[in-house]
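Welcome! Here is a short briefing to read alongside the sequence and the 3D view. Take a moment to turn the picture around before you start on the points.

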Amino acid sequence: MSVTRLRTQPLPIARLAVICVAFLMQFAEVQAQFRLDIEDVAETIVPIAEATPPKREELDRRVVMVNENINGLLFHRHSNEGQARRSLARQLSLAIDAIDRDVGLTEDQRRKLQLAGAGDVSIFFAEVEKLRDEFGEKMLQNPNGINNIWQDIQPLRQRLQNSLFGPGSIFAKVAEGLFDELQLNKLQKVEQQRLRFFFETHLKRTICQLERRQPMHAKQRREVMKLLEEVEMPSRGTRQMTNNYVSYSLWKLRPQLSEILNGRQLAALDPLVRHGVDMEKTLREAGYLP
Amino acid sequence: MSWLLNFGNRRSEATLHVRCSRSARWITGGTLLVVICFNASVLAGTPKTANTTKESDKQFNKLLAEVKAKVGGEQTLNQYKSKFMGLSRNELRFMHEICKLRRSQFDAIKTDVDRTALRIALDAANTELAMNRGGGRRAQRKTPDVYKKLEDGLMRAAKAHLTEVQARAYSEELEARRHFRKEADAGMLLGFMDPELRLTDEQRNKLLPHLVKAWTPDWEQNLSIMEGNGLRFMPQIPNQEFRKLLNEKQKEIFSTFGQSGTIFFGMHVHQFPDVDLNAKPLADELLFEPEVEEGIQ
């Protein structure tokens, strides 16, 4: 019989029946086997209260899982810790070059800044190791302990995102004590320009948020931007703190803003900036307010 | 016809008859052709325009029925409707402040804009319902720019019902607002990159126009996610132009930034602000002086 004929002819019913029966028997056999395994081990299942600690292989797997989670949450941009370290080394080099460009550094000053930056990196990774150990321990006791990792890892993520060499770091503290008056003035001027850029950007964002609620004329926007041009910038700060400073400044300048904006616009602005007044103490501590 | 007859006196009667017949045929034929062409263009034009509007209404009604049939559909639609009607009413009042509308212009635009707001509310409700059911893959491709749709709807209504001067005044205000928003978003993006790239003032001023040019409405979602999650969710930017303005070390660090492209974590009615339509002085009747209503000339 040719292949073509075979393909076009329907399978005989008897042949089909044989295949079905064979399948069912196989299935039944598997079922029987399964029932057999459960029955075999039923007597060996230990009640939960009497369970013994997991085997060595199980322990290592959990520790590996903790490390993978921490690496993924902290170093997602860099794939792994090694690449993150190399990237931080580049950032440190760039930070030192930036200061050199702005104020001019001696070799001794460069060396000290390099050491200070390396210190910040070491402290950071020491905290990461501490977190690994802490969660490794938690996982040993309870596999669900990994669920709280986000809360503990978030501060480290923020530090990494905002630069390890910013205000409050060893790098920044060493830099403050390292420069003469002329260098310090130059550095402060550059820093103020940077903070002024953040300030204006966040002010524009706040205005855009306001306009979602109540549109403004182009003239009103210009006048608001001009009013806040007079606000003084501190000599050091972060983008986030500058954002808070914008809200505080808008809140404080409300009487002047009432001459530019109408009642509806002011009412829409209030919820966006009200929290600024609660930031007064924090802003004073960060050097934004006298 | 006397001049024709006199002319024909020099020819035979048969020749004259033939000449007249030929001319008449040409004139008649030509006139008929012109009439047919004119009618054809009229017939071709009108039904197509009518068909497009009818088709659009048909699709709208179909989508409306689908959304209302879904569980929670009517409630979601009503929530979006009240938000977007409020936003469109705010915009309409803004238009009145810029263009000094007559009452008739205001009412005509209000009708158009309310319809636009309803359409946008329907799309938004449909997107949210689709995403809630986990089947919103199509909705996830692109962040719907609701505000731009509203502004475009207002601009169409302005062109239809306002004078050229009024429409131009409103268009300029809209354009200025859009440009301001782009600058704000571009500045925010630079602000996220600055702690690592250590940009100079000159670099920031040169990079800003590139980012403004590359801006898309999707950036809003990226920027809100970046606030808590850093540079991993950076939007797509024109790398080539950007890198030309960086030094070598900055380029190395820039290459570690993740450009995640479009992010759309979903549509929810609470993303949009509430507007109390009945709060004074928002009520329409208070906008117009009872005696004189004059538009910009």
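Chain A contains 13 helices and 0 strands. Please keep in mind that this is a predicted model. Chain B has 10 helices and 0 strands, so you will be looking at helices in both chains.

**How each chain is built**

- If you walk along chain A from the N terminus, you meet the elements in the order α-α-α-α-α-α-α-α-α-α-α-α-α.
- Chain B, read along its sequence, gives the pattern α-α-α-α-α-α-α-α-α-α.

**Inside and outside**

- Chain A has 290 residues, and 40% of them are buried.
- Chain B has 297 residues, with 40% of them buried.
- The surface that chain A exposes is about 17,400 Å², and carbon and sulfur atoms supply 56% of that area.
- For chain B, the accessible surface is about 17,000 Å², with 54% belonging to carbon and sulfur atoms.

**Contacts along the sequence**

- Take the contacts in chain A between residues at least 6 apart in sequence: 75% of these join residues at least 24 apart.
- In chain B, look at contacts with a separation of 6 or more: residues 24 or more positions apart account for 78% of them.

**Cysteines**

- The count of disulfides over all chains is 0.
- Is A:C208 buried or exposed? Its relative accessibility is 3%, and because buried means under 20%, A:C208 counts as buried.
- In the other chain, B:C99 has a relative accessible area of 0%, so this cysteine is buried too.

**A closer look at helix α6 of chain A**

- Helix α6 of chain A covers residues 149-161, which makes 13 residues.
- How far apart should the ends of this helix be, at 1.5 Å a residue? The expected span is 18 Å, and the end C-alpha atoms are 18 Å apart, so the two values agree.
- Along the way, α6(A) bends by about 30° at A:P155.
- Which residues of α6(A) are buried? They are A:I149, A:I153, A:Q154, A:L156, A:R157, A:Q158, A:L160 and A:Q161.
- Just after α6(A) comes A:S163, which takes a positive phi of about 85°.

Key
Residues are numbered from 1 along each chain as its sequence is written. Chains are lettered from A and ligands numbered from 1 in the order in which they are written. This is a predicted model: local features need pLDDT of at least 70, side-chain atom pairs count only at pLDDT 80 or more; totals for chains, interfaces and linings use all residues. Side-chain values use heavy atoms; hydrogens and water are left out. Helices (H or I, at least four residues) and strands (E, at least two) are DSSP runs, numbered from the N terminus. Buried means under 20% relative accessible area, exposed over 50%, partly exposed in between (1.4 Å probe, protein chains only). Contact means heavy atoms within 4.5 Å. Accessible areas come from the Shrake-Rupley method with a 1.4 Å probe; for residues, only the protein chains shown count as cover. A disulfide is a pair of cysteine sulfur atoms within 2.5 Å. The expected span of a helix is 1.5 Å times one less than its number of residues. The bend at a residue is the angle between axes fitted to the seven residues ending there and the seven starting there.
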